Every structure is written in structure tokens, then in C-alpha cells.
Amino acid sequence: MIWVAIIGGYGKYSGKIEMLHLKEPPKDRIHRESFYVPPNPIPDEDAPAGSNAPGRRMSGSPNGILRDSLGEVFPGPWSYVFPPDPQVAVSEDYVVSTINSHISIYDKTGEILYWNFLDSFFPFYPGYGMVFDPKLVFDVLAKRWYVLALFASWYPDPESSFYYLAVSEGEDPLGGWYFYKLNASMNGSTPTHNWADYPGLGYNDRWIVITSNQFTFEWNWKYGKVRFLNKEKALSGALDGWTDFWGNFLGEYTYTIRPMRPLTPSEDMYLLKVRIGNEYLHLWKFSGEPDEPHLSLQTTLGIRNYPTPSAVPQGGGYHPIEGGSQKGIMAVVYYDGKLYLSFEEGQPNDYTMTGARLVVVDVRDTVPFVLEDLSIYEPHVSWIYPTVGVSPKGVVIVFTRVGPSDYPSVFYVARAVGELEFSESKPITWGSSWYEEVYDGRNRWGDYFGAAMDPADSSVWVIGEYADYTDAWSTTIAKVSLEREWEFVFDPKLDVEAIYDISGRRVRITDMRRGIYFVRTRDGKIRKILKLYPFASP
């Protein structure tokens with residue numbers, strides 16, 4: 001057989017796709033805006049000292065500063081397969097997780113409702129080869145679940161590579177599923193001698209999108225590939241083809257392209273990659289009809305350079321743990337015209353340690369621009385595989401925290417809507433050992449974690465990895481609640497006679513900082529307010 005290797009291009013495939021329908025599953029330019037809440041006075045016991053006017057409080061606001069706290073925390077899945085590649089997705093009633101060996105469905109208290117091996121969950125497994133690198137998402141726009149895994153076999157002849165895709169019939173993951181077997185060696189309708197690795201899974205209003213790194217079966221890197229699937233057809237069990245873009249058609253740098261996962265509607269699909277160890281962010285925008293996607297924008301955005309240590313130290317004389325700084329973007333979330341992405345980087349003052357990088361790209365205008373480029377780290381320890389979760393209430397980043405004196409543990413940081421700084425790192429589950437499982441010179445970890453918004457209350461669920469024993473990893477699933485503390489914004493339209501701080505001292509507007517203040521208006525009323533730096537974004 002003659003195999004064809006095409007360096008770059010795009011192509012369509014329409015024809016028979018192996019599909020099985022089962023009624024039951026087989027078990028520093030930062031944009032900030034102010035807001036104003038019209039007052040609805042009620043008696044307030046906290047009027048300034050010495051005031052002889054009746055106290056007033058402004059009414060509750062749909063905006064405010066949010067405080068993070070841990071909600072439900074329960075053990076996630078584990079196995080002896082490494083790396084684990086944990087993922088989590090959440091609907092109003094269920095939590096679903098995948099690792100590199102199986103899938104689990106929970107209720108929101110952590111009770112396991114369903115468990116199965118990936119090669120049994122997908123009905124196509126031939127009994128040889130590997131099912132690996134699962135990706136998982138709950139589509140909040142369509143209220144459907146998508147599970148992706150890769151299949152590859154290097155024997156028997158011929159070698160083969162497939163995308164295994166499961167699409168739920170409805171919002172209940174315990175109900176029916178559509179299963180699709182998509183040839184990953186095909187570029188459009190053209191066969192190649194390549195297999196898919198390290199996938200991405202995204203969606204928007206029109207498409208389900210799969211990305212992967214393509215290698216020859218002799219393990220030589222070829223290029224990145226993007227596959228578009230008609231979302232409407234996939235949701236109805238009628239998927240009949242795909243459109244592929246790969247290689248030089250996408251540009252010179254195509255390693256580890258990540259598609260977005262939106263929380264708000266978008267007819268356009270954005271994909272991103274970071275040039276590892278460099279100062280460029282590559283962005284692609286695809287538009288068009290469900291069966292006719294086309295590249296409508298390709299651009300490069302400048303970001304700060306970042307170092308990429310391949311492994312980070314841990315104590316006890318053990319082999320360093322492989323980090324994610326050379327694996328590119330961990331996640332891309334689209335919310336209200338902005339793209340939030342996270343990746344791992346060496347710390348600015350100590351390249352042997354790593355931290356998290358958060359980049360926010362504004363795509364609301366014709367020309368996208370970097371809205372925020374933020375390094376978040378903790379001296380003397382590393383944060384590896386930082387994965388961002390976004391909700392209307394704020395941003396959460398989950399990661400493994402490890403250092404020369406610290407076991408690999410699951411931690412997170414959070415930031416409320418409108419805040420510019422993140423919280424201190426907070427533990428979810430402490431590790432109980434160093435980790436040592438070296439194969440081919442690598443002490444594998446990751447290769448990615450998961451974070452997802454809960455559509456029921458806009459909290460963020462996360463899954464991360466920690467060391468249980470010296471040669472055993474485990475995972476934790478946790479809910480990070482972002483609760484609202486009602487606070488208010490000074491409105492210059494108020495007819496103000498005087499402003500007081502909480503001690504009753506009169507202050508000028510130019511002296512106001514974050515904190516509680518009281519306004520005496522010219523009609524004699526006193527209102528409790530809060531001076532906030534203006535904001536609009538998570």
C-alpha cells in the first residue's frame with residue numbers, strides 16, 4: 001500500500017461513519033467598566049458616628065465582590081495507568097469525569113452512579129491497540145455531553161488511528177448516546193500514514209471541533225490538525241462527514257492547537273496555540289455554515305516570553321516530576337467575547353520552579369488584542385498543569401502544587417469578577433508522599449486537568465492530581481463556590497453633600513479607596529456605599 005503524506009491543506013470527507021446508537025450507555029490593557037445600582041433605601045444600623053440623619057442602606061445588586069470557598073470535595077477516579085489525564089464536566093444534576101482508563105458518572109454529592117473502562121464505553125474497540133487521552137465537556141449551549149478518546153494501533157498491519165466520539169442524546173448522561181468512529185489518519189478524504197495524539201475538544205453554535213497532533217507511525221512529528229463536525233447532525237445521530245484543516249494551511253506553527261469551549265453563544269470558532277518558550281500567541285478564527293467552515297482570520301498576538309522547564313523538583317531525593325510547561329495551553333474558555341487560556345511557565349526569578357500564566361484575549365472587535373497577560377506563582381514551589389475554569393462570577397485555576405519540601409497536592413487559586421489579583425493558593429487535597437513512576441526517563445504527571453462551570457449556580461468544579469503513595473497517583477473532584485457579598489459603587493450622579501468613612505471622618509472623593517463609605521445627600525439621607533475600582537470582566 002502506498003501512503004500519502006500531505007504537508008498542509010484542507011479537505012472534506014462525506015460518507016459512511018461508523019456509528020452506534022445505544023439507548024443505555026455501556027456502563028496591560030485591561031478593560032474595566034463601572035456599574036451603578038439605583039438606591040432603594042432601607043434602615044441601616046451602620047450610619048457614621050455623630051450623624052443625626054436617619055441611616056439608609058442601598059439595595060442588593062446583581063454585581064459585587066465574590067469570595068471563593070470549597071463546597072463538595074470527593075475522591076476522583078484512579079488507576080495504575082499513567083499519566084492520568086483527568087477531566088471533569090458538570091450539568092445541573094451530574095458530575096462526569098474521565099481519566100486515561102475509564103469514565104465515571106456521579107451525583108453532586110460524589111455518589112458513583114456509573115463506571116466503565118473507556119474501551120468498553122466506546123463500542124468500537126477491536127481488542128488490540130490503545131484507547132487513550134480522553135477529553136470531556138458538557139455543552140452548556142446545547143445541554144449535551146461530549147466524550148472524546150483516541151484509538152491507535154501500531155499492529156496488526158495496517159496501523160490505524162481513530163477519534164472515538166460519544167454524544168449524549170440529552171442532558172442525562174445515564175440516557176442514550178450516539179457513538180462515532182472517525183478515521184484520524186485521513187486528511188479530508190486522503191489517507192496518510194499518521195496517527196493522532198494529544199487531542200483537544202471544543203464546540204460552538206455550529207460545530208464540534210477536534211484538534212490533534214499528527215505523528216507518523218514511526219513516531220515522527222508531522223503537523224497539527226483541526227477537524228470540524230456539523231454539530232446539528234452530530235446531536236441527532238446523523239453525522240455523515242467532516243472538514244479537516246492541517247499543516248501549512250494553518251501556518252508554520254501548529255503543535256498543540258486548542259479549540260475554545262464557550263459559555264455564551266458564538267457562531268465563530270476560535271482556536272489558539274502558544275509558541276512554546278516564545279512570545280507569540282497564534283489565533284485562528286473560523287466562520288461559515290455548519291458544513292462549510294472556512295478560515296476567516298489568522299493572526300499572531302504578542303505576549304511576554306516565558307521559560308519552559310521540562311520537569312520540576314520534588315523532595316526526598318526523588319526524580320523530578322514532569323510538568324506541563326512544554327505541553328502548551330491547558331484550556332481555552334470563551335465567555336462574552338473574551339477568550340481565557342492558561343498554561344504553565346517557569347517563574348520569572350527561578351526557572352527551576354513553575355507557575356500559572358493566564359492570558360485573556362478580547363475578540364469583540366475586528367482586531368483581537370491581548371486584554372490581560374498575568375503570571376501567577378508562589379516562590380519555592382511549583383504549580384504544574386494549571387487549568388482555568390471561568391464563570392460569570394469569576395475565574396478559578398486548579399493545579400498540582402509541589403516543591404522540594406512539599407508533596408504533590410491539589411491546590412487552586414480564584415479571582416472574583418472585577419478583581420485584578422488572585423487569592424492565595426488554597427489546598428483541596430494534600431499529597432501524602434513523593435511520586436516516583438519513571439518510564440523511559442520520564443516521571444509522568446498530568447498531562448492535563450479539568451475545570452468546568454456548573455450551570456446550576458455558576459460555581460466551578462475542578463479535578464486535579466496528587467500523590468497518594470510513592471508509586472500511585474490519585475485525583476480529587478471539588479466544587480469551588482463563588483459566593484456574593486453585596487457591595488456597591490459610588491455614583492457621581494448622586495447629589496452629594498459629604499462623604500464619610502466608617503469612623504465618621506469626612507473624606508474627599510479623591511481620597512477614597514476600597515472600603516465602606518457613607519454618603520450624605522442634600523436631601524439629608526445617608527446611604528452606605530462602597531468605592532470599587534470599575535470592572536466588567538471575570
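pLDDT is the predictor's confidence in each residue, from 0 to 100. Keep that scale in mind, since this is a predicted model. Colour the protein by pLDDT to begin: the average is 85, and 84% of the residues score at least 70.

Now select residues 25-64. Here pLDDT stays under 50, although the model has 111 contacts beyond four places in sequence for this stretch. Next, pick residues 532-537, where the pLDDT is also below 50. Beyond near neighbours in sequence, residues 532-537 have 26 contacts in the model.

Time for a hairpin. Select residues 102-106, which form strand β7, together with residues 112-117, which form β8. The two strands are antiparallel and pair over five bridges. To see one pair, show Ile105 and its bridge partner in β8, Tyr114. Then follow the chain through the five residues between the strands and stop at Gly110, which takes a positive phi near 100 degrees.

Our last stop is a sheet. Display its five strands and trace the order β20-β26-β27-β28-β29; the sheet is open, and its pairing is mixed. Which strands stand at the edges? They are β20 (261-262) and β29 (369-376). Each has a single partner strand, so one side of each is left without a neighbour in the sheet.

Stay with β29 and add β28, residues 350-362. These two strands run antiparallel and are joined by seven bridges. Strands of a sheet pair through backbone hydrogen bonds, so switch on the backbone atoms for this view. To finish, label Arg357 and look across to β29, where Ser375 stands opposite.

Note on methods. Residues are numbered from 1 along each chain as its sequence is written. This is a predicted model: local features need pLDDT of at least 70, side-chain atom pairs count only at pLDDT 80 or more; totals for chains, interfaces and linings use all residues. Side-chain values use heavy atoms; hydrogens and water are left out. Two strands pair if DSSP finds at least two bridges between them. Helices (H or I, at least four residues) and strands (E, at least two) are DSSP runs, numbered from the N terminus. Contact means heavy atoms within 4.5 Å.
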